[in-house]
Amino acid sequence: MVDFAFSKEHEIFRETVTEFAKRELTREKVKKWDRDSRFTPELYEALAKAGLSGINLPEDCGGQGADSVTTGIAVEELAKYDFNVANLIIIDNILSGGIIAGYASDHLRKGILPDVAAGKIHLGIALTEPHTGSDAANIKTVASREGDSYTLNGEKASISMIGVASYFSLFAKTQPEKGARGVSAFLLPIDTEGVETYSFDDFGYRPLRRGGIILRNVRLPQENLMGKENEGFKIVMRQFDYSKTLLALTCIGAALAALDDAVHYAKNRMAFGSPILKFEGIQFRLVEHYTRLEAARLLCYKGLWLRDKGLPFTKEAAMVKWWVPKIAVEAIHDSLLTIGNPAYTTEYPQEKRLRDVMGIEIGDGTAEVQKTVVARELFGREFIPYK
Ligand SMILES: Cc1cc2nc3c(=O)[nH]c(=O)nc-3n(C[C@H](O)[C@H](O)[C@H](O)COP(=O)(O)OP(=O)(O)OC[C@H]3O[C@@H](n4cnc5c(N)ncnc54)[C@H](O)[C@@H]3O)c2cc1C
């Protein structure tokens, strides 16, 4: 049997998040966070009070332990009001928090995650390096084991949450000659001796503050190895399936909000004696975007539903990650054009949505790389174009 309805609990939860977002993520606040490139302690406090800071973290670490569909609802609704707040939740709960929850020692999980759920600290994930992004197995940062500790040397670049996060889930080669099978996951406290950071000046996604991390003879105790040695690549890829699906939902949230703004404007804007929404040129443009976004949204929730059932969803995750950021950017662009000249100012949120969502056309894997994953899932490993 197929059931396309959300449960009553899910619907009530969606309303609660919407009420929260309307109240706490006002246009003035969102603009200020973007302008200042930082969120405020008040926002962190409000998110924690609403149970959103640790929505997907385990209950034994102070989180809500929500299922994947519930987490999807949270990030989709938040993204209608601020794309970046929704992305903060994904980094704290899934991209880094999920790795710490699943693979760090009990001592570290329980020492760190309750503070994340309480909104007191934040997390980040450090995989990308200056010379390699898509080809992530080609990272050069090395972690050499010496007795009961590791020494790390290398550089991470294009890392979100620089100057915000206290801990990073960081990936380094423990056996460089083994490619993807020689990567391990570490927990890096950002204040460790030998760590230096720098910042990028991005045009979107600004409060999430991208930058780099330089590691010079950074010593981490054995305990900071997460999971087994050389299993880091599998750990991060598993996490990416989940984050990619949620990121797609944040793109949908932002795009739907942009379209709704455009509809509201078009109902009231007069041209040639009638509201512009009466013109088929405007209607068809908006209808096409709503259609695509609704189909994409179903695929996202199917992926999350599969995850909640413990079933594979790698194909669905890669499908939505290549497709959704692209159609979301197109929808936001057209919603900007529908409003016309006022939307070309910073007074309207369309330009910010466009700047923010474009980041996710690259972050967490580009469209081309996702298509290679879909091809592998559809056609088999023998058709992977490279090793
Ligand atoms: C907003 C934002 C936030 C980010 N946050 C983080 C973070 O927190 N942590 C982190 O580790 N990283 C982060 N990243 C980095 C991100 O994951 C990488 O940028 C991404 O994986 C792509 O790598 P690259 O930019 O180096 O592009 P490259 O790998 O250099 O690719 C350049 C171009 O070549 C194409 N290409 C590459 N390989 C192929 C192929 N086989 N076939 C066809 N085309 C190909 C790509 O699609 C792309 O168009 C972030 C990036 C952005 C933009």
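Helices (H or I, at least four residues) and strands (E, at least two) are DSSP runs, and they are numbered from the N terminus. This is a predicted model, where local features need pLDDT of at least 70 and side-chain atom pairs count only at pLDDT 80 or more, while totals for chains, interfaces and linings use all residues. Residues are numbered from 1 along each chain as its sequence is written, and side-chain values use heavy atoms, with hydrogens and water left out.

**View 1. The chain splits into three stretches: domain 1 (8-117), domain 2 (123-230) and domain 3 (233-383).** These bounds come from an automatic or database domain assignment. Take the centres of domain 2 and domain 3 over C-alpha atoms, and you find 30 Å between them. Where these two meet, domain 2 puts in 14 residues and domain 3 puts in ten. Contact here means heavy atoms within 4.5 Å.

**View 2. Here's the ligand, with 18 residues around it.** A residue makes the list if one of its heavy atoms lies within 4 Å of the molecule. Thr-128, Ser-134, Ser-158, Thr-366 and Glu-368 come nearest. Domain 2 and domain 3 each give at least three residues to this shell. Strand S1 (123-126) and strand S3 (149-159) chip in too, with at least two residues apiece. Sort the shell by residue type and you get seven nonpolar, eight polar and three charged residues. For that sorting, Ala, Val, Leu, Ile, Met, Phe, Trp, Tyr, Cys and Pro count as nonpolar, Asp, Glu, Lys and Arg as charged, and the others, Gly among them, as polar.

**View 3. Zoom in on the ligand's oxygen atoms and their polar partners on Glu-368, Thr-366 and Gly-133.** A polar contact is a pair of N or O atoms within 3.5 Å; within protein, one must be able to donate a hydrogen and the other to accept it, and residues adjacent in sequence count only if both atoms are side-chain atoms. From Gly-133, a polar backbone atom sits 3.4 Å from a ligand oxygen. The side chain of Thr-366 has an N or O atom 2.6 Å from an oxygen of the ligand. For the side chain of Glu-368, the distance from an N or O atom to a ligand oxygen is 2.5 Å. On its own the ligand has 980 Å² of accessible area, and the protein covers 65% of that. Such areas come from the Shrake-Rupley method with a 1.4 Å probe; for residues, only the protein chains shown count as cover.

**View 4. Helix H11 (residues 350-359) is mostly covered, with eight of its ten residues buried.** Buried means under 20% relative accessible area, exposed means over 50%, and partly exposed is in between (1.4 Å probe, protein chains only). Charged names turn up among the buried ones, including Glu-351, Lys-352, Arg-353, Arg-355 and Asp-356. What lies over them? The cover includes helix H2 (27-36), helix H4 (68-81), helix H5 (83-95), helix H8 (232-268) and helix H10 (314-339).

**View 5. Asp-34 sits in helix H2.** Asp-34 counts as buried because its relative accessibility is 9%. Skip its neighbours within four places in sequence, and Asp-34 is in contact with Arg-206, Pro-207, Lys-352 and Arg-355. Of these partners, Lys-352 and Arg-355 are among the buried residues of H11.

**View 6. Ser-68 lies in helix H4.** Is Ser-68 buried or exposed? Its relative accessible area is 0%, so Ser-68 is buried. The side chains of Ser-68 and Asp-308 are joined by a polar contact of 2.7 Å. Leaving out residues up to four places away in sequence, Ser-68 also touches Tyr-242, Leu-246, Leu-304 and Arg-307.

**View 7. Arg-209 and Asn-217 have positive phi angles without being glycines.** Arg-209 lies in the loop between strand S6 (195-199) and strand S7 (211-221), and its phi is near 45°. With 21% relative accessibility, Arg-209 counts as partly exposed. Asn-217 is in strand S7, with a phi of about 45°. At 55% relative accessibility, Asn-217 counts as exposed.

**View 8. Asp-191 is in the loop between strand S5 (183-189) and S6.** Asp-191 counts as exposed, at 69% relative accessibility. Asp-191 and Tyr-167 are 24 residues apart along the chain, and 8.6 Å separate their C-alpha atoms.
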